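The exercises below are to be worked through with the sequence and the coordinates side by side. Each task is followed by a solution that goes step by step.

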Amino acid sequence: MLTKMKGFGSLKSPIFVKTAGFAFVALAFFYLGKHWSDDTYQQLIFFSSNSNTNGKIPSISISPNYNKSFDIKSLINDTKEVETVADHTLPAIPPQPLLSPPPPPPPAVQRLGVVDENGVMRDEFEVGEYDPDVVENRNNETKVVEDDKGTVRVLKFETCPVSMREYIPCLDNEDAIKELKSTEKGERFERHCPEKDKGLNCLVPPPKGYKAPIPWPTSRDEVWYSNVPHAQLAEYKGGQNWITVDKDKFKFPGGGTQFIHGADQYLDQISQMIPEIAFGNHTRVALDVGCGVASFGAYLYSRNVLTMSVAPKDVHENQIQFALERGVPAMIAAFATRRLLYPSQAFDLIHCSRCRVNWTRDDGILLLEVNRLLRSGGYFAWAAQPVYKHEPLLEEQWEEMMNLTTRLCWNLVKKEGYIAIWQKPLNNTCYLSRELGTLPPLCDKKDDPDDVWYVDLKPCISRLPEDGSGANITDWPDRLNNPPARLQSLKLDAYVSRNDLFKAESKYWKEIIESYVRALRWNTYKLRNVMDMRAGYGGFAAALIGNQLDCWVMNVVPVSGPNTLPVIYDRGLIGVMHDWCEPFDTYPRTYDLLHAAGLFSIEQKRCNISSIMVEMDRILRPGGRAYIRDSVSVMDELEEIGKAIGWRVAVRDTAEGPHASYRVLTCDKNLPR
């Protein structure tokens with residue numbers, strides 16, 4: 001009995017009490033921890049570490065956020081300390097070290113391949129799934145997906161029907177053309193664009209057997225038949241030496257309706273008639289109206305003359321397509337009811353050889369448009385039957401032409417054989433000295449002769465600037481880099497610094513193109529037809545010339561910015577005004593290179609970016625490239641759209657480095673297999 005009592009008494013020993021106390025505390029922590037865990041982070045336990053003079057031990061308190069739900073992601077990102085309030089409702093427990101609960105797992109990070117495992121930006125990366133054979137293995141199904149925010153993204157654009165392989169949206173809109181009230185003045189050949197929700201949303205396919213275009217200068221004389229498989233023009237004009245079919249190629253002998261002995265001999269004749277024309281020196285920029293297959297412009301190029309060849313999409317609708325396939329600057333345009341999309345005083349020479357334009361209709365309103373486009377002191381060459389044939393009807397047409405040109409103050413400088421050449425006056429003196437009431441009148445001083453986007457033709461003579469700007473340009477090639485006088489007439493905020501801006505842009509693009517040639521081997525590309533989609537002062541085109549890249553550039557000035565076209569033409573370059581919310585007036589597969597600098601970050605406020613890029617795909621040749629230089633904010637979207645189109649894309653840093661606000665998106669359009 002004594003032994004048992006001693007055993008029972010041992011339970012009151014200090015060692016036993018400490019052991020029991022420790023077990024009790026461990027069970028309490030286990031219970032509280034399990035309860036806290038079961039409540040899914042709703043209850044947090046805090047210790048009060050403040051001691052007092054009464055010798056009270058620290059107490060445990062329940063979180064004031066008990067029974068409240070929280071966004072775990074926001075809690076992770078919240079770095080502010082939370083002030084707790086003690087709750088003394090629980091019994092006091094001796095203090096013990098408390099292990100912090102493990103933090104909740106971070107949200108899953110979507111790996112986009114933008115950086116490698118070391119956190120370094122890659123030169124090439126992809127977003128989403130990418131099918132490298134998308135161009136070759138397209139099917140006619142547009143794949144779209146909707147993300148968590150309800151935004152619809154296109155994963156893959158469908159291929160248009162084969163019947164649309166020559167489709168030009170604003171010129172092939174048959175529904176709009178049928179609704180025209182009149183077509184007698186050529187209205188059907190002007191722009192009639194689809195409504196925004198009915199625009200092109202598929203990829204225009206190339207013809208069967210399409211090949212990489214024959215490079216310039218060989219392409220001046222021959223192109224692949226499979227690339228422009230239309231023999232109607234060769235059959236229709238076969239006897240006039242325009243174009244012939246030779247096995248798998250079209251060949252261009254350099255002839256034409258009036259080029260009996262070839263285009264070179266024809267140009268020699270003009271030079272002999274008017275030596276002051278001085279091709280490649282005084283005359284640098286020309287316009288060929290009703291150009292046929294553009295042999296006039298093709299042969300002028302070798303004389304350092306840049307010629308814009310234009311023709312309507314009429315019964316000879318593929319003539320512009322042949323011109324572009326040859327590598328000659330050309331676009332579809334018609335003298336009808338609206339101004340052409342070129343500025344005033346753009347061309348040093350305007351040429352019309354049997355262009356089938358009735359220049360004297362409606363009191364000469366079409367020749368008034370030629371007068372607007374012609375540089376002061378420039379020349380208009382007309383080769384047509386009324387010039388040389390002595391038939392009553394043709395002689396009457398000649399008299400009407402002479403009467404009209406006299407009232408326009410044009411001077412008939414030379415008439416020889418079937419060619420007549422007039423010269424436009426240098427200033428307004430002749431216009432102001434005409435008899436009162438002479439028609440056509442001078443345009444109102446408020447009329448802007450450079451306003452061209454959807455502007456109707458005006459039955460008046462465009463005034464020449466009083467300061468002589470537009471006439472006082474230097475000869476080629478000096479004019480390329482000299483700030484022209486018309487730079488001061490642009491509607492810009494800057495005035496004094498405009499020459500500095502001009503020079504800065506030229507230097508900027510010179511350095512960039514040199515880096516492209518050096519790093520990206522642009523000098524090895526077979527570039528011929530190039531478009532600058534936001535041309536500014538034309539510095540990009542000037543830099544290509546400075547680096548001796550044998551190509552021509554269509555400088556596009558968007559309507560959303562200042563009209564710099566007069567400066568571009570004064571430099572000896574060509575261009576056009578355009579709104580990128582609408583399609584461009586050219587055939588599919590026109591350009592080897594499309595260049596867009598800062599275009600999308602501006603136009604995204606007005607236009608659908610994907611529509612612009614689908615239009616880019618339409619006018620880009622298979623095997624061609626697009627270089628998009630724009631802000632980081634739009635680059636991801638552009639890259640994603642490029643993938644959906646089927647381009648091979650890569651995002652590159654600019655020369656400013658990886659932390660710059662701009663990137664370059666390079667896009668390659670594959671040749672069909």
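**Exercise 1.** In which sense, and over how many bridges, do E12 and strand E14 pair?

*Solution.* The model is a predicted one, in which local features need pLDDT of at least 70 and side-chain atom pairs count only at pLDDT 80 or more, whereas totals for chains, interfaces and linings use all residues. Residues are numbered from 1 along each chain as its sequence is written, and side-chain values use heavy atoms, with hydrogens and water left out. Strands (E, at least two residues) and helices (H or I, at least four) are DSSP runs numbered from the N terminus, and two strands pair if DSSP finds at least two bridges between them. E12 and strand E14 (residues 419-423) pair in the antiparallel sense, over five bridges, and phenylalanine 380 stands opposite tryptophan 422 in E14.

**Exercise 2.** Determine how E12 is related to E11, and whether E12 is buried or exposed.

*Solution.* Begin with the pairing: E11 and E12 are joined in the parallel sense over six bridges, and leucine 349 has tyrosine 379 in E12 as its bridge partner. Next, follow the connection, where E11, H9 and E12 make a right-handed β-α-β unit (right-handed if, with the strands pointing away from the viewer, the path from the first strand over the helix to the second runs clockwise). Finally, consider burial, taken as under 20% relative accessible area with a 1.4 Å probe and protein chains only: 10 of the 10 residues of strand E12 (residues 374-383) are buried, so the strand is largely enclosed by the rest of the structure.

**Exercise 3.** Describe the surroundings of glutamine 319.

*Solution.* Glutamine 319 is found in helix H8, which spans residues 319-326. With a relative accessible area of 4%, glutamine 319 is buried. Once its neighbours within four places in sequence are left aside, glutamine 319 is in contact (heavy atoms within 4.5 Å) with Leu233, Cys291, Gly292, Val293, Ala311, Pro312 and Asp314.

**Exercise 4.** How many residues of helix H17 are buried, and what covers them?

*Solution.* Count first: 10 of the 11 residues of helix H17 (residues 609-619) are buried. The buried set includes the charged-side-chain residues Glu615, Asp617 and Arg618. Then look outward from the helix, where the covering elements include strand E15 (529-532), strand E18 (591-597), helix H16 (600-603), strand E19 (620-631) and helix H18 (632-645).

Methods. Buried < 20%, exposed > 50% of the residue type's maximum accessible area, 1.4 Å probe, protein only.
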